[in-house]
Amino acid sequence: MCLTPDGHPADDRDSPWQFLVLIGLSNFNALRRRLGRAGSATLIEAIADRIARCIPDAVARPSGPSQVEVMLHAAGRVGLDAYLATLSEALVHPFALGDASCRIKPMLGVAAARMPHDDDIRLLEEAEQALAESQVEGRTVIRDMATRTDRLDRLTLAQELSEAIEQDALFVEYQPKVHVRQQRVSSLEALLRWRHGTHGLISPVEFIPVAEESRIIAPLTLWVLRRVIADQRRLATLGHAQRIFINISGMLLGDQDFVREACAIVIDSGASIGFEITETSVIRDPDSAIANLRAFAAMGIAVAIDDYGAGLSSLSYLKQLPACELKIDKLFITQLTSSHRDPLIVRSTIDLAHALEMEVVAEGVETPATLALLSVMGCDMVQGYLMSRPIALDALIPFLDAQAHQATVAPSPPMPFARLATRARA
């Protein structure tokens, strides 16, 4: 049942607020293949129409081929919670399109602004950034303009990021890669996090481009490398020898100073490290990038190709890269059991990678059914929320302790990794 927010707490005496909600569909590609272009356009219109009926005060309209824009107003900031609850209830039910019925998987990005304001452009930019973050983090993201007046000042953000590097004010979370046949955690991916003193947790989607633009991506990556090596030593003392992969910006693959310093750090430490790079990052300077990747591989640094299939994948580059792993982008994995074409793409990619003597990692594995299908296809490793979300080192240790004593990867019954990760964070 659709319920319109119809009031606020008696002590909500705040000034009026405006909310811009952008709704994207994480399963849009699968729906478009099923419904066709005209059918998917009709679906987006149906979503906007349902929202307008459930929240009469809202202005809801399609704002792109896979996106709906909703403008809302409330007497106070607390009104947003009621609106989001109504939206959640409205979007959970299937949509009937002629003879077809389909369910959507909405992702919400919200910008909130105190009225009056005259910066509609920034309101839209904040909502777009929130939607991008929600797609990465798998949850609704709200960006509050009232408390982020200087957040889009990229020069300030760059300066504060430099200070965070110097002051050791960043942290790293780890997400396991689980080997399907060996039934064990085979390696970890390190994911950089920044909790800003004023703005709270800032998404890498926001600060990594700032680091690249301001040319501090090299010291930032070297900070991550040193932190990962220190954490790896701690894990080893506890009986968990794990290779840890670090994401490397394409800007750094042609940076000889970075390459020399990174190699020196790895050699001096004797650490077991892997570098994850996107295939498109090689295009910047292919000769230097391929030469440096080969140098990394020669000294024992594993090279993984990240987000394969998300960009313009090229076999001419793929065959030249000294990679031992190929990671299939989660875009294909999340739709694996609901699409006709994605299984064909994934299976052919697995066969191609094996022919090139690479192991395959499937990103974004969230359901036992997806895991079962990947196992049948011969996928080597899986990574995603079914096994574990990214977790801090202190939560990772009991997670690894628990999985070390039992066989935890099996297509059926569902794996207990998610439960282990939940207990580890508790």
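**Notebook: rings, sheet and helices in a predicted model**

I began with phenylalanine 19, which is buried, its relative accessible area being 0%. I keep in mind throughout that the model is predicted. The ring of phenylalanine 19 pairs with that of tryptophan 17, and I noted the pair as stacked, with 6.4 Å from centre to centre and 20° between the planes. Tryptophan 17 is likewise buried, at a relative accessible area of 2%.

I then turned to phenylalanine 275 and phenylalanine 296, whose ring centres are 4.9 Å apart and whose planes stand at 90°, so I entered this pair as edge-to-face. Since phenylalanine 275 belongs to strand 12 (residues 273-278) and phenylalanine 296 to helix 8 (residues 286-298), the pair ties together parts that lie 21 residues apart in sequence. I checked burial here too, and both phenylalanine 275 and phenylalanine 296 are buried. The count of aromatic pairs comes to three.

**Strand 12 and its neighbour**

I asked how many of the six residues of strand 12 are buried. Five of them are, so I regard the strand as largely enclosed by the rest of the structure. Strand 12 pairs with strand 11 (residues 243-247) in the parallel sense, and I found four bridges between the two. Phenylalanine 245 has glycine 274 of strand 12 as its bridge partner. The ring of phenylalanine 245 also has a charge over it, for the charged end of lysine 177 sits there, 3.6 Å from the ring centre. I looked up a further case of this kind, in which the charged end of arginine 389 sits over the ring of tyrosine 385 at 4.0 Å from its centre.

**The five-stranded sheet**

Next I traced an open sheet of five strands, which I wrote down in the order 2-3-1-6-7, with mixed pairing. Its edges are strand 2 (59-64) and strand 7 (141-144), each of which pairs on one side only. Ignoring direction, neighbouring strands of this sheet are turned by 20° against each other on average.

Within the sheet I followed strand 1 (residues 17-25) and strand 3 (residues 67-74), which run antiparallel and are joined by eight bridges. For isoleucine 23 I read off valine 68 as the bridge partner in strand 3. I then looked at what lies across these strands, and helix 1 (residues 28-54) does so over strand 1, strand 2 and strand 3, running at about 155° to strand 2.

At arginine 114, a residue of strand 6, I checked exposure and found it partly exposed, with a relative accessible area of 37%. Arginine 114 and aspartate 144 are separated by 30 residues in sequence, while their C-alpha atoms are 8.8 Å apart in space.

**Helix 3**

Does the length of helix 3 (residues 120-137) agree or disagree with its number of residues? At 1.5 Å a residue its 18 residues should span 26 Å, and because the end C-alpha atoms are 25 Å apart, I recorded that the length agrees. I listed its buried residues, among them Leu123, Ala127, Ala130 and Leu131, and also Arg122, Glu126, Glu133 and Glu137. What covers the buried residues of helix 3 includes strand 1, strand 3, strand 6 (106-114), strand 7 and helix 5 (204-213). After the helix comes glycine 138, and its phi is positive, near 70°.

**Positive phi outside glycine**

Most residues other than glycine have a negative phi, and I therefore looked up two aspartates separately. Aspartate 168 has a positive phi near 60°, and I located this residue in the loop between helix 4 (154-166) and strand 8 (170-179). With a relative accessible area of 45%, aspartate 168 is partly exposed. Aspartate 307 has a positive phi of about 55°, but I found this residue in a strand, namely strand 13 (residues 302-308). At 31% relative accessibility, aspartate 307 counts as partly exposed.

**The chain as a whole**

I closed with totals for the protein chain, whose secondary structure comes to 14 helices and 16 strands. Of its 426 residues, 50% count as buried. Taking contacts between residues at least 6 apart in sequence, I noted that 70% join residues at least 24 apart.

Conventions
Residues numbered from 1 in each chain as written. Predicted model: local features only at pLDDT ≥ 70, side-chain atom pairs only at ≥ 80, totals over all residues. Heavy atoms only, no water. Pairing = 2+ DSSP bridges. Axes fitted to C-alpha atoms, helices over the stretch in contact; angles between N-to-C directions. Contact = heavy atoms within 4.5 Å. Expected span 1.5 Å × (residues − 1). Buried < 20%, exposed > 50% of the residue type's maximum accessible area, 1.4 Å probe, protein only. Phe/Tyr/Trp six-rings, centres within 6.5 Å; stacked < 30°, edge-to-face > 60°. Lys NZ or Arg CZ within 6 Å of the ring centre and 35° of its normal.
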